[in-house]
Amino acid sequence: MTKPSLPDLLHAAVSAVGGTERPGQVAMAEAVAEAIDDNSHRLIQAGTGTGKSLGYLVPALAHGERVVVATATLALQRQLVERDLPRTVEALHPQLRRRPQFAMLKGRSNYLCLHRLHEGAPQDEEDGLFDQFEAAAPTSKLGQDLLRMRDWADETETGDRDDLTPGVSDKAWSQISVSSRECLGATKCAYGAECFAEAARERAKLADVVVTNHALLAIDAIEGAPVLPQHEVLIVDEAHELVSRVTGVATGELTPGQVNRAVKRAAKLVDEKTADALQTASETFERVMELALPGRLEQIPEDLGYALMSLRDSARNVISAIGATRDKSVHDEDAVRKQALAAVESIHGVAERITNGSEYDVVWYERHDRFGATLRVAPLSVSGLLREKLFEDRSVVLTSATLKLGGDFNGVAASLGLSPEGIEGDDAPVWRGLDVGSPFDYPKQGILYVAKHLATPGREGTRGDMMDELAELIEAAGGRTLGLFSSMRGAKAAAEELRGRLDNPILLQGEETLGELIKSFAADPQTCLFGTLSLWQGVDVPGPSCQLVVMDRIPFPRPDDPLMSARQKSVEEHGGNGFMAVAATHAALLMAQGAGRLVRASGDRGVVAVLDPRLATARYGSFLRATLPDFWYTTDRNQARRSLAAIDATAKADGK
């Protein structure tokens, strides 16, 4: 039988989802197929509207080897498993003569744990929540959620937290889930044969396509114990997020509260002397943390160093003692021991890591008004880890709407541990970049307006001229505004000020769930939505409800961000331009994502307004503008207002 051609397969898949075949999608599918056949690597930028999911799924399914698809957002994971994959598999079946299997795989704590549900969780005595269903007041929100989850456990086929609607708080979910460290293991657990997490792993082992997330991909790479099944092809969607997700997984933290909980869990399982030593170390650590000031620790202070060594050594002794202990008087002894071990091992690991003092780690204090001080440690860079763990033994395709920063792929490639395109080193994976463009006509559909006349934003203080400009732009647009702010404080200040000046409803992130806010924003064209980071990347509102996207300032990282400033300094020490490599690249990525909120469909029209004159006047401005969609560019405030008024008038004439 002749092998079906890729164009025929793509045509069948696009027809099945009711889409339109686009040249960019075809080019992407061909590049993915080529990478799989050559066992090589690709970075593919595919603009909004390209149909990139099918652009990689069709060649992946046609190939026949096992493929892992890793995404950053839950929404895309669900879209792939519930919509794109079922339709594509059915559409390709007549030509492939097979129906590839697919499965979703997440971290263990995303699945309901039957052992914890039925046996209860070992708790600190003063919490007294368990039997959790008896002790939590049925009238409380937590009590109601726990009862609802118990009923859901009898019905669910997956045990996946995301299949529980409406959802529950992290606190409620933690009562019926376990981390991989706390899990007893299927062979030791009375409920091992029915375990939802184990069932998900078994399905993944049998699947041709496994859909997972960046965090699980990172755990698989970092922790050495494979979580994902063996695979020949890895496709990373939303790849612009990968470095920050991997950094998050590789970051450790210690807080006095976390150490106290570990002490209480371990105390029942070891002799008094061993428990007292950990208790004393915990109290010493807590005293040090009470005086902690936010910021990077380039050298570990003597008092902190002593506290960490005490924690490390006493935690190691507790781990040895717990491992040797058997106490049949403890209810559900295995679960109690496993949870205590997990808590103490976590503390030992972070204390040892910071005490060892690797030059490749950054250590800093954070202080939170509610939770007090936290000690954190993160890798200075994850590029070496990614180069070693990601690109060996498989073909890797990384794709996103924003991978070219300042006009080329090399910035993102460097963060992934790759050499500049076309340069082959001894151990450097060879890769090629491809920009398949966008189906949208950006110069005709959008305007990039930079408010060059405004004062340069300072670190503190209100920006009266910026507020006036923002109010005038919103009035010209008739509402229809997504306001993207570099800080929550800025978003709140703008919402408070403009609620008193404008008739338009202004929604503010944090006042309702993100989903509800976006729904309300999309439903009423006169409404504005203000917020910070998650709005820069998480809003998809095609049509006339979003015709003005405003950025209050270039979103450089804060100068006192310990990890970013350490990375910047490291680049400079190696002879590079730290500002461009770290701060400007970070800002470019966010601005490209933010500007991408404007044009989501072929009929969309609007303005992206940046209320920071540096985009027009600073030397790095051209680098940032080269990262944004190719909108028509102006610094003329009257032109921007006239265009917005015209777009508003057209929408109203169309009854929108």
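Helices here are DSSP runs of H or I with at least four residues, strands are E runs of at least two, and both are numbered from the N terminus. This is a predicted model, so local features need pLDDT of at least 70 and side-chain atom pairs count only at pLDDT 80 or more, while totals for chains, interfaces and linings use all residues. Residues are numbered from 1 along each chain as its sequence is written, and side-chain values use heavy atoms, with hydrogens and water left out.

**View 1. K106 and D160 form a buried salt bridge between two loops.** Searching the whole structure turns up 33 salt bridges (Lys or Arg side-chain nitrogen within 4 Å of an Asp or Glu carboxyl oxygen). In the K106–D160 pair, the closest N and O atoms are 2.9 Å apart. K106 sits in the loop between strand 3 (102-104) and helix 5 (114-119), and D160 in the loop between helix 7 (141-155) and helix 8 (170-174), so the bridge ties together parts that are 54 residues apart in sequence. Both partners are buried (under 20% relative accessible area; exposed is over 50%, partly exposed is in between, with a 1.4 Å probe and protein chains only). The values are 4% for K106 and 6% for D160.

**View 2. D145 and R148 pair up within helix 7.** Here the closest N and O atoms are 3.4 Å apart. The two residues are 3 apart in helix 7, which puts about one helical turn between them. What does the solvent see of each? D145 is buried at 4% relative accessible area, whereas R148 comes out as partly exposed at 25%.

**View 3. D540 and R600 link another two loops.** Their closest N and O atoms are 2.9 Å apart. D540 belongs to the loop between helix 22 (533-538) and strand 16 (548-551), R600 to the loop between helix 24 (578-595) and strand 17 (606-610), so this salt bridge ties together parts 60 residues apart in sequence. In this pair the acid is partly exposed, with D540 at 49%, and the arginine is buried, with R600 at 18%. For a bigger group, look at E469, E472, R637 and R641, which are linked in a network of salt bridges.

**View 4. R567 is buried without a salt bridge.** This arginine is part of helix 23 (residues 562-573). Which side chain of opposite charge is nearest to R567? That would be D561, at 7.8 Å (Lys and Arg count as positive, Asp and Glu as negative; His and chain ends are not counted). Leaving aside residues up to four places away in sequence, R567 touches T247, P379, L380, S381 and V582 (contact means heavy atoms within 4.5 Å).

**View 5. Two cysteines are shown in a structure with 0 disulfides.** A disulfide would need two cysteine sulfur atoms within 2.5 Å. C113 is in no disulfide, and the nearest cysteine sulfur, belonging to C189, is 6.1 Å away. C113 is buried at 15% relative accessibility. For C528, also in no disulfide, the nearest cysteine sulfur is that of C546, 10.0 Å off. C528 is buried too, at 0%.

**View 6. Helix 12 spans close to its expected length.** Its 12 residues (256-267) reach 16 Å from first C-alpha to last, close to the 16 Å expected at 1.5 Å a residue (1.5 Å times one less than the number of residues). The buried residues of helix 12 are P256, Q258, V259, A262, V263, R265 and A266.

**View 7. Strand 5 pairs with strand 2 and with strand 10.** Strand 5 (residues 233-236) points V233 and I235 one way, L234 and V236 the other, and all are buried. Strand 2 (residues 67-71) runs parallel to strand 5, joined by 4 bridges (pairing takes at least two DSSP bridges between strands). Strand 10 (residues 395-400) also pairs with strand 5 in the parallel sense, over 4 bridges. L234 is the bridge partner of V68, and V396 in strand 10 is the bridge partner of L234.

**View 8. Strands 6-9-8-7 make an open sheet with antiparallel pairing.** There are 4 strands in this order. The edges are strand 6 (252-254) and strand 7 (295-296), each pairing on one side only. Strand 7 and strand 8 (residues 361-368) run antiparallel and are joined by 2 bridges. G295 stands opposite Y365 in strand 8.
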